[in-house]
Amino acid sequence: MFQATRRRLALWYTAVTAVLLLVFASGVYLYVRSTLIERIDDTLNHVVEVVERSLVIESTTTNADQFRINIEATFRDNADAVEDDHIDLEWFSPTGELLWSTLSEPLGLLVHPNRTGETVKVIRDQDAVAGQEDYTPLLLRQVTERVEVGRQVLGYLRVSHPWFEVTKPIRQLIFDLSLGTGLMVLSVAFCGWFLSGKAMEPVRESYQRLKQFTADASHELRSPIALIQTNVQVALTDPELLEASGAGAKYYQQLTVIERLTQRLGRLVDDLLFLARQDSGIVKPCFAACPLDALLMEVVEEQQLPATEKNITLSLHLIEAPESHNPQLIEDWFTLQGDWNQLVRLFTNLIVNAVHYTPHGGKVNVELTRIASPLATRIALLQVKVSDTGIGIPETALPRLFDRFYRVDPARTHTATTPVAIPTGSGLGLAIANAIAENHHGQIQVESLLHQGTTFTVTLPLNTES
């Protein structure tokens, strides 16, 4: 229980930290990316402004009111400079025709003014690209400026910057953030495991002290209860003491009640001691080869007397192995690895309950069979069904049936023809049965119809191959 809680705490620490780191890394990524794009756009706009100031504008020979750009005079000294800065310039005529460029080949993109910057994808040659699976399109960041004098458009200036100037540092940033986030998550997972262990230590110590106290208290209670019961039994078997008291019948009745109550209290202490030891792990089950058919025969034989007193038919039905199986396998058909004493207690509790809550003239049937696991066909299971024709259990009570100290309200099962079975136990019998089944890696299921009967199904693994 503590290890599972510790794991959950460590996982929560790690998950919360991972989410926070992911949000932080995403914020850093978006901030750096937007900053890089803004810097490139500012650079491109600055180049546009510089080139615009260096444009050589001349009047046309035919009309003094018309102007044109002297391309040779304007761009003759710009090619080397812009190439060194990884910036390419293109000059287009007012109709969109490419007149001058620092690129080795035209991009083939339509011209449209854009001062805010845009990212474009350029595919050089469609025929060449069709045969290359690893071809990567060229990505550029561009700013396009329309150059005007008055209302006359002289042309378009387009400035391009390679997009890898953004993707290269961004990829490195993603790698660094991923590596840093991964290392931080691993570190937090280790620290979370360590800190959750530290946090669980006082809880574990308190829990262990409580369990130890319960076990010790239950153990210490057994001695005075045993002494009281012994003295009462001695008094009941000594007629001279009863005659000397002057009211023998009255004292005998009172002592009988005391004996019955001490017996009930002793059973309650034994049950509490068993559950406390199971919870704290003080006593481990002693597993050995356990023939379940022989065990059930003993338990059924022990309960025949109380069943006969109520005129209840108590029977045991063993579904034997088919004759086609290996003789050695048939001999150990109902043998599993388990604790004999605990299994006796489990099935005794179930059969005692079935006999107690079955009215006179009813039936209690115990059936033992071997089945295959629905999850793993190579693992065999032993299934024991304890069925009765008793008063049944209300559907609303089934989910809490295995809770400690829980007992079904007798008024809910009372009818005019069926007498009420008054609970005489402490409400720990089924809880103990469930704990024993879990110790053997098995489970208990219950099906019940009110006023028709109840069936408890216990499934236990053999821990051997079929």
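His441 sits in the loop that links α12 (429-439) to β13 (443-449). In this predicted model, the phi of His441 comes out near 60 degrees, a positive value in a residue that isn't glycine. That's worth a pause, because most residues other than glycine have a negative phi. His441 is also out in the open: it counts as exposed because its relative accessibility, 62%, is over the 50% mark. A second histidine does something along these lines. His451 is no glycine either, yet its phi is positive at about 65 degrees. This residue belongs to the loop between β13 and β14 (453-465). At 37% relative accessibility, His451 falls between the 20% and 50% limits, so it is partly exposed.

Stepping back along the chain from His441 leads to α12, the helix that this positive-phi residue follows. How much of α12 is covered? Most of it, with eight of the eleven residues buried. The buried set takes in Leu430, Ala431, Ile432, Ala433, Asn434, Ala435, Ile436 and Ala437.

Helix α8 (residues 292-302) makes a good next stop. Its buried residues are Leu292, Leu295, Leu296, Val299 and Val300. These residues lie on the same side of α8, because the arc they cover around the axis is only 130 degrees. Met297 is in α8 too, but this methionine is partly exposed, since its relative accessible area of 44% lies between 20% and 50%. Once residues up to four places away in sequence are set aside, Met297 touches Leu316 and Leu318. The residue between those two in number, His317, has its C-alpha atom 9.8 Å from that of Met297, with 20 residues separating the pair along the chain.

Leu292 of α8 has a longer list of partners. Neighbours within four places aside, Leu292 is in contact with Phe334, Leu336, Leu343, Phe347, Leu368, Leu382 and Val384. Leu292 is also one of the best-connected members of the largest nonpolar core, which has 50 residues. The others with the most contacts inside that core are Leu295, Leu343, Phe347, Leu350, Val384 and Phe456. Which helix gives the most to this core? That would be α11 (residues 340-356), with eight residues. Apart from this core lies another one, of 25 residues, with Ala25, Leu36, Val159 and Leu173 among them. As a general point, nonpolar side chains tend to be buried together in soluble globular proteins.

Strand β11 (residues 363-372) contains Thr369. Is this threonine buried or exposed? It is buried, because its relative accessible area is 11%, under the 20% cut-off. Outside its neighbours within four places in sequence, Thr369 is in contact with Ile319, Phe334, Leu381, Leu382 and Gln383. Phe334 and Leu382 turn up again among the contacts of Leu292.

Not every leucine is tucked away. Leu11, in helix α1 (residues 2-54), is exposed because its relative accessibility is 60%, over the 50% limit. The C-alpha atom of Leu11 is separated by 9.7 Å from that of Val188, and the two positions lie 177 residues apart in terms of chain distance.

What about cysteines? A search of the whole structure turns up zero disulfides. Cys290 counts as buried because only 1% relative accessibility is left to this residue, under the 20% cut-off. Cys191, at 39% relative accessible area, is partly exposed, since that value lies between 20% and 50%.

As for the protein overall, there are twelve helices and 14 strands. The chain runs to 466 residues, of which 36% count as buried. The accessible surface amounts to about 28000 Å², with 56% of it belonging to carbon and sulfur atoms. Among contacts with a separation of 6 or more, 66% come from residues 24 or more positions apart.

A word on confidence rounds this off. The mean pLDDT is 78, and 76% of the residues reach 70 or more. Where does pLDDT stay under 50? This happens over residues 80-84, for which the model has three contacts beyond four places in sequence.

Definitions and conventions: Residues are numbered from 1 along each chain as its sequence is written. This is a predicted model: local features need pLDDT of at least 70, side-chain atom pairs count only at pLDDT 80 or more; totals for chains, interfaces and linings use all residues. Side-chain values use heavy atoms; hydrogens and water are left out. Helices (H or I, at least four residues) and strands (E, at least two) are DSSP runs, numbered from the N terminus. Buried means under 20% relative accessible area, exposed over 50%, partly exposed in between (1.4 Å probe, protein chains only). Contact means heavy atoms within 4.5 Å. pLDDT is the predictor's confidence in each residue, from 0 to 100. Accessible areas come from the Shrake-Rupley method with a 1.4 Å probe; for residues, only the protein chains shown count as cover. A disulfide is a pair of cysteine sulfur atoms within 2.5 Å. A nonpolar core is a set of buried Ala, Val, Leu, Ile, Met, Phe, Trp, Tyr and Cys residues joined through side-chain atoms within 4.5 Å. The arc is that of the directions from the helix axis to the C-beta atoms.
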